[in-house]
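Welcome to a short set of exercises, each with a worked solution. Have a look at the model below, then try each task before you read on.

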Amino acid sequence: MNQIVLDFVKSIFLSIVITLISLILLSIILSTSNISENIISPAIIIISSVSILIGSFLISRKIKERGILNGAILGSLYMLIIYLLSSIVSKNFGIEFYTLVMIGSGILAGSIGGILGVNLK
């Protein structure tokens with residue numbers, strides 16, 4: 001049981017690191033090009049979803065069962081951590097439509113990554 005918790009912590013940490021690196025790259029691209037800032041919100045959703053998909057793929061590959069559940073749990077925990085951190089920084093704990101889209105996409109990406117992790121050889 002303790003090993004599973006440790007594996008979840010590692011996978012969530014990896015997902016967050018992937019997200020941070022990707023967001024830094026996005027900010028560099030935005031600051032050095034003429035790309036519209038309107039892509040920021042969709043890009044954040046895509047970056048977070050891909051990061052969660054990778055993390056849930058890895059955790060489910062290691063656990064080798066209940067991929068959809070483990071992936072959804074990882075996606076939920078990741079989104080909870082990101083929500084709490086961003087709410088603390090912005091001092092706004094409100095839930096808006098964008099927040100719900102982020103949570104939904106995180107759980108969906110986690111579930112898909114979990115399914116792939118269990119089923120791909």
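For the exercise on the pocket you need one convention: Ala, Val, Leu, Ile, Met, Phe, Trp, Tyr, Cys and Pro count as nonpolar, Asp, Glu, Lys and Arg count as charged, and the others, Gly among them, count as polar. Please also keep in mind that this is a predicted model.

**Exercise 1. The largest pocket**

Task: Describe the lining of the largest pocket by residue class and by helix.

Solution:
- Step 1. Start with the space itself: the largest pocket holds about 540 Å³.
- Step 2. Next, find its centre. The pocket is lined by 20 residues, and Ile 44, Ile 82, Ser 86, Tyr 98 and Met 102 are the closest to the centre.
- Step 3. Sort the lining by class with the convention above: 11 residues are nonpolar, 8 are polar and 1 is charged.
- Step 4. Now assign the lining to helices. At least two residues come from each of H1, H2, H3 and H4, and H3 gives the largest share, with 7 residues.

**Exercise 2. The length of H1 and H4**

Task: Compare the end-to-end span of H1 with the expected span, and do likewise for H4.

Solution:
- Step 1. H1 has 31 residues, so at 1.5 Å a residue it should span 45 Å. The expected span is 1.5 Å times one less than the number of residues.
- Step 2. The end C-alpha atoms of H1 are 45 Å apart, which agrees.
- Step 3. H4 covers residues 97-119, 23 in number, and its first and last C-alpha are 33 Å apart, close to the expected 33 Å.

**Exercise 3. What covers the helices**

Task: Find what the buried residues of H4 pack against, and what covers those of H1.

Solution:
- Step 1. Among the buried residues of H4 are Thr 99, Met 102, Ser 105 and several glycines, including Gly 106, Gly 110 and Gly 113. They pack against H2 (40-63) and H3 (67-90).
- Step 2. The buried residues of H1 include Asp 7, Phe 8, Ser 11 and Ser 15. Their cover includes H2 and H3.

**Exercise 4. The setting of Ser 15**

Task: Is Ser 15 buried or exposed, and which residues does it touch?

Solution:
- Step 1. Ser 15 belongs to helix H1, residues 2-32.
- Step 2. Its relative accessible area is 0%, and buried means under 20%, so Ser 15 is buried.
- Step 3. Leaving out residues up to four places away in sequence, Ser 15 touches Ser 51, Ile 52, Gly 55, Leu 74 and Tyr 78.
- Step 4. A polar atom of the Ser 15 side chain lies 2.9 Å from the backbone oxygen of Ser 51.
- Step 5. Gly 75 is 60 residues from Ser 15 in sequence, yet their C-alpha atoms are 9.5 Å apart.

Methods
Residues numbered from 1 in each chain as written. Predicted model: local features only at pLDDT ≥ 70, side-chain atom pairs only at ≥ 80, totals over all residues. Heavy atoms only, no water. Helix = DSSP H or I, 4+ residues; strand = E, 2+ residues; numbered from the N terminus. Buried < 20%, exposed > 50% of the residue type's maximum accessible area, 1.4 Å probe, protein only. Polar contact = N/O pair within 3.5 Å; in protein donor to acceptor, adjacent residues only side chain to side chain. Contact = heavy atoms within 4.5 Å. 1 Å grid on protein atoms, 1.4 Å probe; cavity = no way out; pocket = protein on both sides within 12 Å on 5 of 7 lines; lining within 4 Å. Points joined across faces, edges and corners; volume = space filled by probe spheres on them.
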